[in-house]
Structure formats: structure tokens, C-alpha cells
Amino acid sequence: MTTMAILISGRGSNMMALAERCTSGDLDGRIAFVASDRSDAPGLDGARRMGLPTALLPYGERGRMAAEEALSDLITREGVDWIVLAGFMRLLSPSFVDSHRGRIVNIHPSLLPSFPGVDAIGQAWEYGVAVTGVTIHLVDEKMDHGPILAQEALPVLPTEGRQSLEERMHQLEHRLYGDTLKRLFRCRLTFEGRRVLFDN
Ligand code: GRF
């Protein structure tokens with residue numbers, strides 16, 4: 001069974017969707033802990049309600065280096081295979097990424113490289129795109145940039161408002177993240193430049 005650490009900063013709906021898929025046995029994974037950089041992240045309560053261990057990373061008091069050291073210690077102690085970012089709003093340092101290269105995955109609510117950064121759904125909405133979507137990618141040193149593991153497009157319906165688009169985007173995220181991790185846990189990855197191939 002593959003062991004994950006999930007990093008959040010907010011609501012944690014992606015984390016909860018992954019936790020449900022682990023509980024149902026659909027995803028052959030174990031969540032060792034859910035960590036947040038914010039003590040007020042609502043997702044921490046959600047994780048506790050699901051009986052998952054939680055950790056608060058001391059970004060505020062002690063800065064990024066100390067927070068990442070604490071995270072690395074937890075990862076080693078818990079034998080974590082994959083670090084799963086799910087709405088984690090901090091950029092990980094180059095040295096942290098280097099130490100855990102190829103083992104950190106992120107979800108972003110746009111078809112990268114369009115609309116990186118915060119509020120990607122809002123950016124796409126304001127731009128007036130007819131198609132948006134979700135990207136799952138490996139994390140490298142740059143924000144929302146690493147090799148793409150999965151992308152799925154979502155047409156913006158001519159009749160819908162921003163809220164409806166956001167809801168449909170989150171539904172897609174919740175399905176695609178679990179599906180992609182499932183493949184990731186079963187396969188060995190090979191790389192052709194930035195292109196990622198899943199070998200069974
Ligand atoms: C998601 O849209 C995710 O793609 C982005 O931040 C949002 C987090 O939502 N990185 P939640 O905390 O999982 O509900």
C-alpha cells in the first residue's frame with residue numbers, strides 16, 4: 001500500500017475526496033497525515049473528523065526552512081512515498097523539492113500552462129475562456145510548472161455563472177486526482193523530456 005502525506009491550506013475538499021477513496025478501498029493508499037501551514041484551515045477539522053492525524057507546519061513562527069525541516073522529519077518518520085499537495089498555497093523551496101524530487105504531486109484548476117498561480121478558476125472566468133480544465137503535475141522548483149501527469153478539459157457552459165463553473169471544476173478535481181494517483185501508485189514513470197509515460 002502506498003503512503004501519502006497530504007498538504008493543505010484551506011477547505012481540504014480534495015483531501016477529503018482522496019481520504020474517502022482510500023476508505024472505500026478504491027485507492028490503494030494510506031494517508032499518514034494531513035499537514036497545513038495554517039492553523040485555521042477548515043480542512044484540518046475535516047481530516048480530524050475522518051480520524052486522520054494532522055500536523056501544523058510552523059511557517060508563521062519559524063519560517064519556511066524550519067517548516068520544511070519539520071515536514072521532512074514527519075515524512076521520514078512515517079515512511080511517506082508521495083507528498084500530495086491539495087490546495088497548499090506555499091511554494092516549496094528548491095532544496096525541499098530536490099530532496100523529494102519525483103515524489104511531490106500537485107493539482108491545479110486550469111489547463112496549464114494557462115492561468116498558473118492563485119484563483120485560476122477566476123482568472124479563466126475573467127478571461128472568458130470557452131474551455132478550461134484541471135491539471136495534475138509533478139512539482140518542480142517553479143510554481144505550477146512540473147511535468148504533467150494528467151489533464152482533463154471542461155467546457156464552460158454558455159448558460160452558467162462563475163459559481164456553477166467552480167462547482168463543476170471541483171467535482172472534476174475530486175475525480176481526476178484520485179484516478180491519477182491510482183495510476184501513479186500502480187505504475188513506474190519514465191520521462192521523455194517533460195513528457196511522462198506510465199509503464200505498467
Ligand atoms: C483546488 O481548486 C486546487 O486545485 C487548488 O486549490 C483548491 C483547493 O481546494 N490548488 P480544496 O482545499 O481542496 O477544497
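Where is Arg-90 found? I looked it up in this predicted model. Arg-90 is in the loop between S4 and H4.

**Entry 1: Arg-90**

I checked exposure next. Arg-90 has 35% relative accessibility and counts as partly exposed, because the partly exposed class runs between 20% and 50%. I then asked which residues Arg-90 is in contact with, leaving aside neighbours within four places in sequence. I found Asp-37 and Tyr-59. With Asp-37 there is also a polar contact: the two side chains are joined at 2.8 Å. I noted one long-range pairing as well. Arg-90 and Leu-7 are 83 residues apart in sequence, and their C-alpha atoms are 9.8 Å apart in space.

**Entry 2: Leu-91**

I moved on to Leu-91. This residue is in the loop between strand S4 (82-85) and helix H4 (94-99). Leu-91 has a relative accessible area of 44%, so I logged it as partly exposed. I looked up its contacts, again leaving aside neighbours within four places in sequence. Arg-64, Glu-68, Glu-141, Lys-142 and Met-143 came up. For Glu-141 I also took the C-alpha to C-alpha distance, which is 8.1 Å. In sequence, Leu-91 and Glu-141 are 50 residues apart.

**Entry 3: the two domains**

What does the domain assignment give for the chain? I read off domain 1 (1-100) and domain 2 (106-200). By these bounds Leu-91 belongs to domain 1 and Glu-141 to domain 2. The C-alpha centres of the two domains lie 19 Å apart. I then looked at how they meet. On the domain 1 side 20 residues are in contact, and on the domain 2 side 20 residues. Between them the domains bury about 1700 Å². Carbon and sulfur atoms carry 65% of that area. I asked which three residues supply the most of what domain 1 buries against domain 2. They are Asn-14, Arg-21 and Trp-82, with 30% of that area, more than any other three residues.

**Entry 4: His-170**

I placed His-170 in helix H6 (residues 162-186). Leaving aside neighbours within four places in sequence, His-170 is in contact with Arg-11 and Ile-121. The side chains of His-170 and Arg-11 are joined by a polar contact of 3.5 Å. By the domain bounds, Arg-11 falls in domain 1 and His-170 in domain 2.

**Entry 5: the loop between S5 and H5**

I spent longer on this loop. Ser-110, Pro-113 and Phe-115 are among its residues. Is the peptide bond from Leu-112 to Pro-113 cis or trans? I found it cis, with omega near 15°.

Phe-115 came next. Its phi is positive, about 55°, although Phe-115 is not a glycine. Phe-115 counts as buried, at 15% relative accessibility.

Is Ser-110 buried or exposed? I found 0% relative accessibility, so Ser-110 counts as buried. A polar atom of the Ser-110 side chain lies 3.3 Å from the backbone oxygen of Phe-115. I listed what else Ser-110 touches, not counting residues up to four places away in sequence. Besides Phe-115, the list holds Ala-120, Thr-132, Gly-133, Val-134, Thr-135 and Met-169.

**Entry 6: rings**

How many aromatic pairs are there? I count 2 aromatic pairs. One of them is Phe-115 with Tyr-127, with 5.6 Å centre to centre and 65° between the planes. I logged this pair as edge-to-face, because planes over 60 degrees apart count that way. Phe-115 lies in the loop between strand S5 (104-108) and helix H5 (120-127), and Tyr-127 lies in helix H5, so the pair ties together parts 12 residues apart in sequence. I compared the exposure of the two partners. Phe-115 is buried at 15% relative accessibility, whereas Tyr-127 is exposed at 64%.

I also looked for a charge over a ring. Arg-183 lies over the face of Phe-198, at 4.0 Å from the ring centre.

**Entry 7: Asp-144**

Last, I looked at Asp-144. It lies in the loop between strand S6 (131-138) and strand S7 (148-155). Asp-144 has a positive phi of about 50°, although it is not a glycine. I checked exposure here too. Asp-144 counts as buried, at 16% relative accessibility, because the cut-off for buried is under 20%.

How values were computed:
Residues are numbered from 1 along each chain as its sequence is written. This is a predicted model: local features need pLDDT of at least 70, side-chain atom pairs count only at pLDDT 80 or more; totals for chains, interfaces and linings use all residues. Side-chain values use heavy atoms; hydrogens and water are left out. Rings of Phe, Tyr and Trp (its six-membered ring) pair if their centres lie within 6.5 Å; planes under 30 degrees apart count as stacked, over 60 as edge-to-face and the rest as tilted. Helices (H or I, at least four residues) and strands (E, at least two) are DSSP runs, numbered from the N terminus. Buried means under 20% relative accessible area, exposed over 50%, partly exposed in between (1.4 Å probe, protein chains only). A charge sits over a ring if NZ of Lys or CZ of Arg is within 6 Å of the ring centre and within 35 degrees of the ring normal. A polar contact is a pair of N or O atoms within 3.5 Å; within protein, one must be able to donate a hydrogen and the other to accept it, and residues adjacent in sequence count only if both atoms are side-chain atoms. Contact means heavy atoms within 4.5 Å. Domain bounds come from an automatic or database domain assignment. Buried area is the accessible area (1.4 Å probe) that two parts lose on being put together, summed over both.
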